[in-house]
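Okay, thanks for coming, everyone. Let me put the structure up on the screen and then talk you through a few bits of it.

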Amino acid sequence: MGIQEFVEKSIGNWRSQRSAHHLAFSHFEAVLSDIEIALIAPDDPSVIALCEAYKVDPLAAVSPFRMSWEGQSDWEDSEAIKGTCLLVPIPDPEDPNRGDLLRDRGYAEEMAAIGKYHFTDDGTFVLITPYERASAEEKIWFINPNVRCRVSLIKTSAGSGVVTASFSSEIRQTAKD
């Protein structure tokens with residue numbers, strides 16, 4: 001699977017159930033979220049600006065998309081979790097199964113970030129993103145066209161320890177739901 005097929009399969013509205021283990025706090029968290037993933041035109045000004053911020057030719061971008069989410073955690077009296085993120089894949093010209101993923105908002109830290117992605121032989125999308133204080137490793141795979149799973153690890157910046165581990169099952173919301 002390449003990045004274009006992966007993004008195409010991901011477009012839509014998803015209902016996510018995430019279980020997270022925050023090892024630093026010895027705390028388990030359950031999060032229910034609605035996620036929307038939508039294609040963005042490659043010539044959209046936000047795509048061009050993000051590419052230029054990383055000194056990447058905007059013409060190298062393939063299937064840019066925006067992911068928006070809103071959810072609720074069971075962690076104490078937490079407020080609704082919501083946000084949006086622009087993601088711009090830049091495939092490696094020599095290996096279509098690898099590339100960079102530009103983000104205007106990170107997963108582990110709320111800052112712009114650039115991660116490295118690749119696909120395993122079974123079609124699993126793997127993304128590793130370094131941040132200032134942490135590193136995130138995400139794996140996403142499809143069970144069928146309307147069900148996908150995601151595993152995320154937040155590690156120390158040195159990669160020597162896991163701070164948070166989570167598993168999400170995501171179900172695409174279809175017209176009859």
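I'll go through some strand pairing, then the salt bridges, then two backbone oddities. Keep in mind throughout that this is a predicted model.

Let's start with the strands towards the later part of the numbering. Have a look at β7, residues 125-130, and β8, residues 134-144. They run antiparallel, and 6 bridges join them. What sits between the two is a stretch of 3 residues, so to speak the turn of the hairpin that β7 and β8 form. If you want a spot to click on, take P130: its bridge partner in β8 is S135.

Now stay on β8 and look at its pairing with β9, which covers residues 147-156. That's antiparallel as well, over 10 bridges. Here too we have a hairpin, with 2 residues between the strands. A handy pair to display is F142 and R148, with R148 in β9 standing opposite F142.

Right, on to charges. How many salt bridges does a search of the whole structure find? It finds 8. I'll walk through some of them.

One is D34 with R15, and the closest N and O atoms there are 3.2 Å apart. D34 is in β2, residues 27-39, and R15 is in β1, residues 12-22, so this contact ties together parts that are 19 residues apart in sequence. As for solvent, D34 is partly exposed at 42% relative accessibility, and R15 is partly exposed too, at 35%.

Next up, K116 and D100. Their side chains meet in a salt bridge at 2.8 Å, N to O. K116 belongs to β6, residues 113-119, while D100 belongs to β5, residues 95-103, and the two are 16 residues apart, so that pair links distant parts of the chain. K116 counts as exposed, with 54% relative accessibility.

Then there's R103 with E138, 3.4 Å from N to O. R103 is in β5 and E138 is in β8, the strand we were just looking at, and they are 35 residues apart. Are these two buried or exposed? R103 is buried, with a relative accessibility of 4%. E138 is buried as well, at 7%. The cut-off for buried is under 20% relative accessible area, so both values qualify.

While we're on charged residues, there's also a little group to show: E137, K139 and K155 are linked in a network of salt bridges.

A quick aside for anyone colouring side chains by face: in a regular strand, the side chains alternate between the two faces of the sheet.

Last topic, backbone angles. Which residue here has a positive phi of about 55 degrees although it is not a glycine? K55 does. You'll find K55 in the loop between α2, which is 45-53, and β3, which is 65-73. K55 is exposed, with a relative accessible area of 77%.

S63 also shows a positive phi, near 55 degrees, and S63 isn't a glycine either. Where does S63 lie? In the loop between α2 and β3. S63, though, counts as buried, at 14% relative accessibility. So if you go through that loop on your own screens, K55 is exposed, whereas S63 is buried.

That's my tour. Over to you for discussion.

Definitions and conventions. Residues are numbered from 1 along each chain as its sequence is written. This is a predicted model: local features need pLDDT of at least 70, side-chain atom pairs count only at pLDDT 80 or more; totals for chains, interfaces and linings use all residues. Side-chain values use heavy atoms; hydrogens and water are left out. Two strands pair if DSSP finds at least two bridges between them. Helices (H or I, at least four residues) and strands (E, at least two) are DSSP runs, numbered from the N terminus. A salt bridge is a side-chain nitrogen of Lys or Arg within 4 Å of a carboxyl oxygen of Asp or Glu. Buried means under 20% relative accessible area, exposed over 50%, partly exposed in between (1.4 Å probe, protein chains only).
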